[in-house]
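I opened this entry to look up how the inside of the protein is built and how two of its helices lie against each other. I kept the steps in the order in which I took them.

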Amino acid sequence: MPTSSAPSTGPVAPAALLRRAADAVLYSSTWLALAALGLTWATFLAWQVAMLPRLGLLIFAATLFLYNIDSVLPYKFRQQQQLSGRKRWMLAHRRSMLVLALGALAVAGGLFLADGWQRLTWFLSHLTAISLLYSLPLLQWRGRWWALRDLPLLKVFLIAYVWAAVTVWVPALALGREPAAPPVLLVFAQRFLFILALAFVFDIRDYTKDRLMGTRTFPGVFGVQATKYVALAALVLANLLPPVPPSVAQLVVLSAPSVAGAALIWHAHESRPDYYFALFTDGVMLLQFLAVYVAAGL
């Protein structure tokens, strides 16, 4: 029988370790950066050309930097009175996220300079500006500070544009293709609509917070149910734009991400747990890559 009243410091249960690892991958934006890498790879598969691994690593690292540096900014934790589990994790790990962001910046910057991507500076700079100014309040108007995301109904379109531009137009420019070329525009339009549909889910998640902050989003203006219909319409349109006519087997495989995305959209609610959004909704982007990868081998 123990003779001390000190608390036990025994081994952590496997389930708790798994939860900690999952939280770290999801809330540090590593999962999201993997999704960016996957969608970039899917673009190369759609054009039936070999993936440029170092470009994929650059996009992965840049995504990791931008999302983490945005998450550690002090104002992010003053936006709502009651913090979610995701926000609490970020608050407890801000220093680690900052280190991760700086490390990712070093990797992205090193690849950018070493591989001669300076020719894309003009294009990448506007995407970086949108990403940084998306939630950074720099403009004061009518007694409040505004970021790009605060402009009425603009939030989801900014997200869809940046993700489509990074995962489609950047690979096109790397391959020497014109962004306005029809095969490139077709993949861009499909990717834009696909990301747009998923972005509406996060508008639903932030419904109450955005209303309290005075941000006019689709759910706040038109209602949650109408927003779901718009998101589903975007998803349907995305599936009407395949880069090449698929076979029946390919069509079945390629429809899986849209079926999963439609289910997540339809059942989305702001009271859903953090994993519903961070793991499953973001995970649909990785499912999209897997579907394209499998379909390419059929």
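**Notebook: cores and a helix pair**

I began with the largest nonpolar core of this predicted model, which holds 58 residues, and I noted that L55, W163, F194 and M285 touch the most other members. I then looked up which helix gives the most to this core, and found helix α8, residues 182–205, with 15 residues.

I followed W163 further and, leaving aside its neighbours within four places in sequence, I listed its contacts as L32, A35, A36, L39, Y67, I195 and M285. I also wrote down that there is a second, separate core of 16 residues, which includes F65, I69, W89 and A104.

Next I turned to helix α12 (residues 248–266) and helix α13 (residues 274–296), whose axes come within 8 Å and cross at roughly 170°. Angles over 145 degrees count as roughly antiparallel, and I therefore recorded α12 and α13 as roughly antiparallel to each other. Among the residues that make the contact are V253, L254, A260 and L264 of α12, and Y276, F280, V284 and L287 of α13. When I sorted the residues of this contact, they divided into 15 nonpolar, four polar and no charged.

Is L264 buried or exposed? Its relative accessibility is 12%, and because buried means under 20%, I counted L264 as buried. I found L264 in helix α12, and, with its neighbours within four places in sequence left aside, it is in contact with Y276, F280, T281 and V284. For L264 and F280 I noted a separation of 16 residues in sequence and of 7.9 Å in space, C-alpha to C-alpha.

Conventions:
Residues numbered from 1 in each chain as written. Predicted model: local features only at pLDDT ≥ 70, side-chain atom pairs only at ≥ 80, totals over all residues. Heavy atoms only, no water. Axes fitted to C-alpha atoms, helices over the stretch in contact; angles between N-to-C directions. Helix = DSSP H or I, 4+ residues; strand = E, 2+ residues; numbered from the N terminus. Parallel < 35°, antiparallel > 145°, perpendicular 65-115°, else oblique. Contact = heavy atoms within 4.5 Å. Nonpolar A, V, L, I, M, F, W, Y, C, P; charged D, E, K, R; others polar. Buried < 20%, exposed > 50% of the residue type's maximum accessible area, 1.4 Å probe, protein only. Core = buried A, V, L, I, M, F, W, Y, C linked by side-chain atoms within 4.5 Å.
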